[in-house]
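Thanks for coming. I have one model to go through, so let me put it on the screen.

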Amino acid sequence: MSKYKIVEIFDSIEGEGKRSGQLATFVRTTGCNLRCSYCDTLYALSEKNCEYTELTSDEIISRLNPLYRKVTLTGGEPLFHPNIKELISEMCSAGYEVNVETNGSIRVAPFRVADNIFFTIDYKLPCSDMENRMDKDAFLELTKEDVVKFVIGTKEDCDKTIEVVRMLQSHYGNEMPLIYLSAVCGRISHADIVTFMKSHTELSNARIQLQMHKIIWPDIDKGV
Ligand code: SF4
């Protein structure tokens with residue numbers, strides 16, 4: 001049976017995204033193939049530098065909360081983790097709605113193994129220093145249930161966001177995935193994001209998101 005390198009499993013509220021404010025169980029895998037300039041989960045980036053436990057899928061599923069039946073699989077980059085498709089499939093089969101948070105560098109279609117799964121996929125903008133790692137095809141295999149997230153830090157990021165949203169609108173028409181925008185902490189204000197949204201018709205159905213968990217627990221980095 002496969003074992004998974006897990007940094008943490010905890011129950012909390014979704015701080016962002018389309019289940020924002022709802023309770024879920026978070027499963028955080030080790031390892032990431034990117035190194036974003038603003039990463040706030042440095043403790044999960046590399047096996048060499050983080051503490052983790054090796055768990056089987058049965059052991060992970062036994063720690064999910066059956067009261068909520070919602071899982072957020074995150075990292076690091078969960079799709080970068082060996083055999084993760086098997087774990088996603090088993091969590092879905094156990095009756096959990098699974099939100100896979102992924103960084104835009106990996107195709108998602110091979111991991112869409114059930115109906116009760118959706119992806120929250122980042123488009124890494126220029127200020128992340130990782131835009132050249134985006135796999136454009138991953139953004140063309142989404143559904144209306146998926147979320148594309150833009151973490152904005154600069155004016156250049158705003159311009160790129162509009163370019164990508166136009167590309168998505170041209171590809172998906174009325175079947176657009178959801179668009180969420182957020183601010184890189186310390187680089188741009190939430191008010192600036194709202195001003196940006198108001199000035200572009202392409203963003204008329206987009207949503208701004210605050211990292212609610214950081215507002216509720218400003219001094220805690222892990223386990224919330
Ligand atoms: S993809 Fe996410 S976990 Fe990986 S470096 Fe970027 S922000 Fe950090």
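Where is the place of glycine 76? Glycine 76 is in the loop between strand E4 (70-74) and helix H2 (84-93); helices (H or I, at least four residues) and strands (E, at least two) are DSSP runs, numbered from the N terminus. Before going on, the ground rules: this is a predicted model, in which local features need pLDDT of at least 70 and side-chain atom pairs count only at pLDDT 80 or more, while totals for chains, interfaces and linings use all residues. Residues are numbered from 1 along each chain as its sequence is written, and side-chain values use heavy atoms, with hydrogens and water left out.

Back to that loop. The peptide bond from glycine 75 to glycine 76 is cis, and its omega is near 15°. Asparagine 83 has its place in the loop between E4 and H2. Its phi is near 60°, a positive value in a residue other than glycine. Asparagine 83 counts as partly exposed because its relative accessibility is 45%; the classes are buried under 20% relative accessible area, exposed over 50%, and partly exposed in between, with a 1.4 Å probe and protein chains only.

Arginine 69 is not a glycine either, and its phi is positive, about 55°. Arginine 69 is found in the loop between helix H1 (57-61) and E4. With 36% relative accessibility, arginine 69 counts as partly exposed.

Now the ligand. Which residues surround the ligand? They are Cys32, Leu34, Arg35, Cys36, Cys39, Thr41, Leu45, Gly76, Asn103 and Lys124, where near means that a heavy atom of the residue lies within 4 Å. Glycine 76, from the cis peptide bond, is thus one of the residues around the ligand. The shell divides into five nonpolar, three polar and two charged residues. In that count Ala, Val, Leu, Ile, Met, Phe, Trp, Tyr, Cys and Pro are nonpolar, Asp, Glu, Lys and Arg are charged, and the others, Gly among them, are polar. The space that the ligand takes is the largest pocket. A pocket here is an open set of points on a 1 Å grid over the protein atoms alone, where a 1.4 Å probe fits, with protein on both sides within 12 Å along at least five of seven lines.

Next, the charged pairs. How many salt bridges does a search of the whole structure find? The search finds 16, a salt bridge being a side-chain nitrogen of Lys or Arg within 4 Å of a carboxyl oxygen of Asp or Glu. Lys124, which we met around the ligand, is linked with Glu16, Asp122 and Lys149 in a network of salt bridges. Within that network, aspartate 122 pairs with lysine 149, with the closest N and O atoms 3.5 Å apart. Aspartate 122 lies in strand E6 and lysine 149 in strand E7, so this pair ties together parts that are 27 residues apart in sequence. Both aspartate 122 and lysine 149 are buried.

A second pair is arginine 112 with aspartate 146, whose closest N and O atoms are 2.7 Å apart. This pair links distant parts of the chain, 34 residues apart: arginine 112 is in the loop between strand E5 (97-102) and strand E6 (117-123), and aspartate 146 is in the loop between E6 and strand E7 (147-152). Arginine 112 is partly exposed, at 26% relative accessibility, whereas aspartate 146 is buried, at 0%.

Glutamate 14 and arginine 19 also form a salt bridge, 2.9 Å from N to O, and both residues are buried.

Aspartate 146 also leads to proline 177. Leaving aside neighbours within four places in sequence, proline 177 is in contact (heavy atoms within 4.5 Å) with Leu142, Thr143, Lys144, Asp146, Val148 and Tyr172. Proline 177 has its place in the loop between helix H3 (155-172) and strand E8 (178-183), and is buried, with a relative accessible area of 3%.

Two residues to finish. Threonine 25 lies in strand E2 (residues 23-29). Is threonine 25 buried or exposed? Threonine 25 counts as buried because its relative accessibility is 1%. Beyond four places in sequence, the residues that threonine 25 touches include Ile9, Phe10, Tyr68 and Val71.

Lysine 222 is in the segment after helix H5 (212-216). Lysine 222 is partly exposed, with a relative accessible area of 42%, and touches Glu8 and Tyr43, not counting residues up to four places away in sequence.

Notes: On a 1 Å grid over the protein atoms alone, a cavity is a set of points where a 1.4 Å probe fits but cannot get out, and a pocket is an open set with protein on both sides within 12 Å along at least five of seven lines; lining residues have an atom within 4 Å of a point. A molecule sits in a cavity or pocket if more than half of its atoms lie within 2 Å of its grid points.
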